[in-house]
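User: I would like a close look at the aromatic residues of this protein, followed by an account of the pockets and cysteines around them. Please treat the matter as one connected description.

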Amino acid sequence: MRIVYRASPWRSLIGHNGAFDVPALTAPLRDLHATVFASHSTLADAYAAHPAFVDTLVHYDVPAWRISQLISDHNAWLYRQAITRSIDEMQAQGWGEPPVDYCVLMLGSAARYESLLGPDQDNALIIDDYPDARHVEIDGYFQALSMRFTQRLDEAGIPLCHGHVMARWPMWRKRLSEWQQQLEIWSADRQVKRVQQTNILLDFAPVMGNPALAESLGAGVASTLSDAPLFLHEMAALLDELPVALDRFGRIASHPTLEAPYDQAVNLKRQGLMPLISALRLLCIRHQCSEIGTRERLLALSHFTNALTKAQSALLLAAFERMQHYLLGQQRHNMAHGQVADGWVDLRRLRDDERLLLKFDMQQIKAFVNQVKKA
């Protein structure tokens, strides 16, 4: 029986005459654009193309971490389309142009440009400072705008955040000076809820509007939190709330629960990626690194500070990339079988070598988290 190998499009780069055959190389992407992206007329159609988009990128042997960046780029485009269409709709209804400068922020994995399949919404809004006497007028405009664009994203397939972390709510829609005051309140002591809310805000990226407002907020974060020892101590203590999925013998811990979808399931997002991301976030605040993405944080901490050695950074970066690979593979499998794309991974789908590497990666992350907690 003859084994037929899947041909990579990269193998078509060199033509029979020895020349570069770029049209042949790009054919799968051209086909995707012609059949999906170019034909869509709604945001829902564009978002629904994500699985086919990912399949095509996998066909090109693009690694999962790069695919997550491209998914995030497309999600950012969806945000901008939803906001632009909402502003156009409001103008048609007589609301006029935005009354002052603003900046819509993506939060969480979207801000880190690490989105995989099936994200929900996490966003916030910075409004340029204005007189209190105009609050009803100006905040009313941005409340209406926020309600519209978040609803458009929900209808497109990016659901509303169950935790209400969206610009449609006053908690996540403020003037720039109010955001600074909020940071000072949240970081004044070590109340758990305040630290959790700040953790949500700390991973942000501008997606629409005036990015200078986001830069000002970032400068406020750096100056405020670097001088808040009680707050940083509580951030370190909260790392215990995200235990790495290892038992006391250092083995991968699969604990079947009512919410686990498989017999041997690990929530790789919550018990693998999030401990790493949370510890890196805290370490970056301590060392005043402004990077947001996990890869960028690891590189900055090892190149510009003494917080991480280059060898440790490389180990954690490899662990991060492999976990994204496992998660994306599981999500693609789930969606192909009509299931939800979430943060769980079925350990039975991993090869023996992958399980060994996953255990090693978890051990590196656990050691890193303990290092950050003790620092």
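Are Trp172 and Trp186 buried or exposed?

Analyst: Both Trp172 and Trp186 are buried. The model is a predicted one, and every value below is computed from it.

The two tryptophans also belong together as a pair. In the structure as a whole there are 6 aromatic pairs. One of them joins Trp95 to Tyr141: the ring centres are 6.0 Å apart and the planes stand at 70°, so this pair is edge-to-face. Trp95 is found in the loop between helix H5 (64-92) and strand S1 (102-107), while Tyr141 belongs to helix H6 (residues 135-156), so the contact ties together parts that are 46 residues apart in sequence. The partners differ in their surroundings: Trp95, at 40% relative accessibility, counts as partly exposed, whereas Tyr141, at 3%, counts as buried.

The pair of Trp172 and Trp186 is tilted, with 6.1 Å from centre to centre and 55° between the planes. It too links distant parts of the chain, for Trp172 lies in the loop between H6 and strand S3 (173-175) and Trp186 in helix H7 (residues 176-186), 14 residues apart.

Trp95 and Tyr141 are also members of one aromatic cluster, which they form with Tyr102 and Phe142.

Aromatic rings meet charged side chains as well. Arg175 places its charged end over the ring of Tyr130, at 4.4 Å from the ring centre. In a second case, Arg295 lies over the face of Trp65, 3.7 Å from the centre of that ring.

The pockets come next. The largest pocket has a volume of about 1,600 Å³. Its lining comprises 49 residues, and those nearest the centre are Asp122, Ile200, Lys269, Arg270 and Met274. Two or more lining residues come from each of H5, helix H8 (192-202), helix H11 (268-286) and helix H13 (310-336). Among the contributors to this lining, H11 gives the most, with 7 residues. Sorted by class, the lining of the largest pocket consists of 21 nonpolar, 16 polar and 12 charged residues.

The second largest pocket holds about 550 Å³ of space. It is lined by 32 residues, of which Leu202, Cys289, Ser290, Glu291 and Ile292 are the closest to its centre. At least two lining residues are supplied by each of H5, strand S4 (204-209), helix H9 (211-225), H11, helix H12 (294-303) and H13. The largest share of this lining, 7 residues, comes from H9. By class, the residues lining the second largest pocket divide into 17 nonpolar, 7 polar and 8 charged.

There remain the cysteines. A search of the whole structure finds 0 disulfides. For Cys103, which is in no disulfide, the nearest cysteine sulfur is that of Cys161, 19 Å away. Cys103 has 0% relative accessibility and therefore counts as buried. Cys284 is likewise in no disulfide, and its nearest cysteine sulfur, that of Cys289, is 4.8 Å away; a disulfide would require the two sulfur atoms to be within 2.5 Å. Cys284 counts as buried because its relative accessibility is 2%. Its neighbour in this comparison, Cys289, is one of the residues closest to the centre of the second largest pocket.

Notes
Residues are numbered from 1 along each chain as its sequence is written. This is a predicted model: local features need pLDDT of at least 70, side-chain atom pairs count only at pLDDT 80 or more; totals for chains, interfaces and linings use all residues. Side-chain values use heavy atoms; hydrogens and water are left out. Buried means under 20% relative accessible area, exposed over 50%, partly exposed in between (1.4 Å probe, protein chains only). Rings of Phe, Tyr and Trp (its six-membered ring) pair if their centres lie within 6.5 Å; planes under 30 degrees apart count as stacked, over 60 as edge-to-face and the rest as tilted. Helices (H or I, at least four residues) and strands (E, at least two) are DSSP runs, numbered from the N terminus. A charge sits over a ring if NZ of Lys or CZ of Arg is within 6 Å of the ring centre and within 35 degrees of the ring normal. On a 1 Å grid over the protein atoms alone, a cavity is a set of points where a 1.4 Å probe fits but cannot get out, and a pocket is an open set with protein on both sides within 12 Å along at least five of seven lines; lining residues have an atom within 4 Å of a point. Grid points are joined across faces, edges and corners, and a volume is the space filled by probe spheres set on the points. Ala, Val, Leu, Ile, Met, Phe, Trp, Tyr, Cys and Pro count as nonpolar, Asp, Glu, Lys and Arg as charged, and the others, Gly among them, as polar.
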